[in-house]
Amino acid sequence: MPTLSDLGPLALDLGLLGALLLVFAVDLVLPHGRKRVLGLLTAALLTALFAASFTTSTAGSAFGGAYVGSEWALLFKRIALAAGALATLGALDHVDRHFPTRQGEFFLLLLFSLLGMTLLPGARDLLLLVVCFELMGIPLAMLASFAKADDTTGTHRHAAEAGLKLYLVSAVSTAITLFGLSYVYGLTGSTRIATIAAAPVTPLLGLGMMFTVAGMAFKIGAVPFHMWVPDTYQGAPVPFVAFLSVAPKATGLAAIGLLLSVAFREQRGPLLGVMLFFVVASVVAGSLLALPQRDVRRLLAYSGIAQIGYMLMGFAAGTVRGTAMLLFYVAGYAATNLGAFLVLEAVTPGRPGPTLEDLRGLSRRSPWLALALLVFLLSLAGIPFVVGFWAKLSVFLAAYQAGLGWLVLFGALMAIVSLWYYLQVAKAAYLDDPPPEERAPPPAVGAPLALAIWICLALVVGMGAYPRPFLESAATAAQSLAGH
Amino acid sequence: MSPLYTALLCTFLPLAAALVLVLVSPLRRAGLAAGLFSVATALIAFGGAVTLLLERWSGAATPVRETVRWLPHAGLGGGAHARAVIELGVQIDGISATMLVVVTAVAACVQIFSLGYMAGEPKPDFGRYFTWQSLFLFSMNSLVVAPNLLQLFLGWELVGLVSYLLIGYWWSKPSAARAAMKAFWMTKLADMGLILALLVLFVDTGSFDWTVTTSAAGAVTLLLFFAVMGKSAQFPLHVWLPDAMEGPTPVSALLHAATMVAAGVFLVVRAFPLFEQAPTTGLVMAYVGAFTALFAAVIAVVQTDIKKVLAYSTCSQLGYMVAALGAGSQVGGFFHLTTHACFKALLFLAAGSIIHGVHSNELSHMGGLWSRMRVTSVAFLVGALALAGVPGLAGFFSKDLILEHVLERGLWAPLGALLVAAFLTAFYMGRVTLVALFGRPSAHAEHAHEGGVSLLAPLVVLAVPAAGVGWLGAKLSGLYAAPVHFHLSPVGMVATGLALAGLGLAYWMFGAPQGGGRLRAAFAPIGRLARSGAVNARFAWGYGVLGGVSSIFAWFDRYVIDGLMNGLGYATLALGARLRGLQTGRAQDYVYVLVAAMLGVGAYGAFWSR
């Protein structure tokens, strides 16, 4: 009979569940017109949970080993909670303006999805893993198509497309993951990761393993599972895209890390090959396809695909160090990309997101937004003094140490290509003249959104100036996974 | 104050100035006040740098190297190098103290000059310009005092970033924006060499220090040199430098003459212990440097824009430095960097003063300035003669040193190239000087007049070292190496003879102002050359041949080298546009791709696990 103390590793997730129920209850009693409180409440609760993650001990295992709390799980919980809190802050005004009566729905879905994200990295049972994945994924598809015909954004048709594509491709990939898992279960007689890790290598197990991982690759948008990404980013509410572009990717990488470093530890030879393929394909396709984009959201979508390629270099290295560097990259990328999309929301609130033309002359209309955007772009491009530089250098170093010198050279060359499109955005904001009709006053940015952008900016600059604590906690987390 | 704190003051005071200008917007928008504030901090930094140099000068001070732990081994190090710790810090020795003085002196002069030169700009733009200037001084100083390659790289990147902002300063000019993009992109391409060099060095030795012994010295130094080629504008990565002349002229004086482009050479001087371990890289550098020196000098002969002449001249002189370092002469390379910074900054500022007076960059719009702008003309003349290598002036000493070393190494082909370049340098500087200062005045030049004190004072100040710094060579080199003793060597005499011949030829061809009338008839086929000034008809054929060769080189540079670089870019862009067709936007296609990819991946896994 499990006791309450067994649930220690799940303390934060239970807290999140409590927060979810609280938001639900408050939504029921709040009158129309006061629903804005829900967003504030969500942000406050997520911030409190994030703070609690530094004081609560979550080590240990629960449910007879199906769930293991460790530094690894804790790091991902923190990333998810922080991303959730920042995205909530960024979305407050958007949701209040465009979906005034459905605010509870929006934030509840966000919280449900977050619950899946915080649970997943600790899962040590494949069934639990898949359930967490779906708990995360289904609310995301609903959020992507959140705009309706009666809303004021005028983007409902794109929104429907965004949600449908996300859902359809998600469903197919989940089906294939489950198909792969059926092989794994059939061959090993267990869904427990510890048991699977001890199973002998056979072709059928290899097939099952690859199907399982390929399904996960969909969520992180690695090429060739990336096609939903630009369409979804273009159609969904921008503050939600900010969240979508970082948190599920982190979780997807957590799942792949689990499979790679624990479940299929002994059989992972072909997995490393596939990781290499993902790296090359994602970096090439992401970088080249971003070049001709004029819509900044699509541009950032492809750039995100390329970024995933760089992150996967850490897995392709196949070492603990590689995993650690990937974790550091994920944390830095989360702060950067969230910030970049939030700036896009601030620049064109309530309109279909900005094209390069919309950004022209931003530095003169709104110097701080332009500066923030510039810093985020530099971080994405991997220029020193911001976190993106350390992130790229770290994964390059891990890959080089693992004997993948050619991959590093390739990554460095493609980074030059990517610099081109990041500079296109910076050029529009800094060097191009604003269009005449845009000489109007600068976009008014609400306080919560501005706060979220400032926090992202501080993180990006701070992690760039003093990456030490982040590198250390990434290293600890990676080691905790290697020791199961 | 201890040397450490002085060095920190030199580095961080300009950063503080930049931050104050960013944060205190009333000060920034005040215009002149912002400029004066920035100038004051630059002067204090200069004072600190001079103190550091004097301490070393007196021989009392030992090199200072203070570092703090920054990143733990758990982060970037570890594995085979579990003890490795990345440090941040300051290293003050003869090299960095000299470089600090050069950088802060030129920066202070350029900022004072800018007070007058940019006076017509709107006040907020003026303040913003000085914000970038202060930020640039910080980045350059942090590069100079760096105790290891990683920190040097951080400063190096920041310098590149700020140069992007400074070149693109004139936003309304599309050409300036394009030039800024290009300069940034091309130097970033080269910088990847530096990143890879850092990785290889670190994995091999567990350190970013330049004093380590490494088995991978060849790879590390070649990668480093690739970055140097980009930053210090060596063939074929030099194409961004002439384009960058679109920026304000004082910016060109600071970035493209004295400091930023010299950072590449400085990197080699700094990491010289690494380069000494790789003789092959030295050979490559000697040949690339000498070729660049010759190639750029040839192109400079036909340029009609005074800034373009100086830009190609900078490429050429940087080639000299690189060749010297390749020939194993740390002193030669660094001493030429020092002298070049003085006279080239002087030339650019004098050219800025001329442009300010004439309102044009074109040589054909100048002429007769000697009587109208006397101070500027004298300053320009001093700089030109120093660059040409006239005995007694700065350039003479450092060039002599370089040629001697190249000869000692028996590098005959580079030696020949450098000697021809010396001749051409004297010739094109003679041409510019004679046409601009003594030629027949054009309509533009009729009303030319000197600018204010802030334009002239830096010229007077810089003219002193441009003329005299060569005499300090023995003492300066003694600060970081065995002191060199200058004596007029045979090869030095040959070079001096060639330089005087170049000046003489220029005088013979451009010195006679009455040649203007016949010129147009004689040069109808080479119309572009005709605009470059009065040419004595008797030498039309000679100039025609030289000009022809030069034009061909310039064409090659403009359309083949530059075109190749651009073409690479366009090809990539086109590829991106073609690939775009794959994204059909139809959900069923996405599912097909998904299933196909999964089957492929699954088959691979099954096959592998056989």
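# Exercises on a predicted two-chain model

L164(A) lies in helix α6 of chain A. The model is predicted, and the exercises below start from this residue.

## Exercise 1. Surroundings of L164(A)

Determine whether L164(A) is buried, partly exposed or exposed, and state which residues L164(A) is in contact with beyond its sequence neighbours.

*Solution.*
Step 1. Count the other C-beta atoms within 10 Å of L164(A): there are 18.
Step 2. Apply the cut-offs: a residue is buried at 20 or more such atoms and exposed at 12 or fewer. L164(A) is therefore partly exposed.
Step 3. Set aside the neighbours within four places in sequence; L164(A) is then in contact with S145(A) and with A587(B).
Step 4. Consider also A144(A), which is 20 residues from L164(A) in sequence, with a C-alpha to C-alpha separation of 8.6 Å in space.

## Exercise 2. The contact between the chains

State how many residues each chain brings to the contact, and which element of chain A gives the most.

*Solution.*
Step 1. Chain A supplies 62 residues and chain B supplies 52 residues.
Step 2. List the elements of chain A that give two or more residues to this side: α6, α8, α9, α12, α17, α18 and α20.
Step 3. Among these, α18(A) gives the most, with 11 residues.
Step 4. Sort the side of chain A that touches chain B by class: 47 residues are nonpolar, 8 are polar and 7 are charged.

## Exercise 3. Two helices of chain A

Describe how α3(A) and α11(A) are oriented to each other, and which residues make their contact.

*Solution.*
Step 1. Helix α3 covers residues 71-98 and helix α11 covers residues 247-263 of chain A; their axes come within 9 Å and cross at roughly 170°.
Step 2. Angles over 145 degrees count as roughly antiparallel, and α3(A) and α11(A) are therefore roughly antiparallel to each other.
Step 3. The crossing of this pair is left-handed.
Step 4. From α3(A), the contact uses F76(A), I79(A), A80(A), A83(A) and G84(A); from α11(A), it uses A247(A), A250(A), T251(A) and A254(A).
Step 5. By class, these residues are 7 nonpolar and 2 polar, with no charged residue.

## Exercise 4. Helix α14 of chain B

Describe the length and burial of α14(B), and how α14(B) is oriented to α18(B).

*Solution.*
Step 1. α14(B) has 21 residues and reaches 30 Å from its first C-alpha to its last, close to the 30 Å expected at 1.5 Å a residue.
Step 2. Of its 21 residues, 21 are buried, and α14(B) is mostly covered.
Step 3. After α14(B) comes G328(B), with a positive phi near 90°.
Step 4. The axes of α14(B) and α18(B) come within 9 Å and cross at roughly 40°. The two helices are therefore oblique to each other, and their crossing is left-handed.
Step 5. The contact is made by Y320(B), A323(B) and A324(B) of α14(B) with K399(B), I402(B), H405(B) and V406(B) of α18(B). These residues comprise 5 nonpolar, 1 polar and 1 charged.

## Exercise 5. Burial of a helix in chain A

Explain why α4(A) is described as largely enclosed by the rest of the structure.

*Solution.*
Step 1. Helix α4 covers residues 103-119 of chain A, has 17 residues and reaches 25 Å from first to last C-alpha, close to the 24 Å expected.
Step 2. Of these 17 residues, 14 are buried, so α4(A) is largely enclosed by the rest of the structure.

Technical notes. Residues are numbered from 1 along each chain as its sequence is written. Chains are lettered from A and ligands numbered from 1 in the order in which they are written. This is a predicted model: local features need pLDDT of at least 70, side-chain atom pairs count only at pLDDT 80 or more; totals for chains, interfaces and linings use all residues. Axes are lines fitted to C-alpha atoms, for helices over the stretch in contact, and angles run from 0 to 180 degrees between N-to-C directions. Helices (H or I, at least four residues) and strands (E, at least two) are DSSP runs, numbered from the N terminus. Angles under 35 degrees count as roughly parallel, over 145 as roughly antiparallel, 65 to 115 as roughly perpendicular and the rest as oblique. A crossing is left-handed if the near helix is turned anticlockwise from the far one by less than a right angle, and right-handed if clockwise. Two residues are in contact if their C-beta atoms, placed from the backbone, lie within 7 Å. Ala, Val, Leu, Ile, Met, Phe, Trp, Tyr, Cys and Pro count as nonpolar, Asp, Glu, Lys and Arg as charged, and the others, Gly among them, as polar. The expected span of a helix is 1.5 Å times one less than its number of residues.
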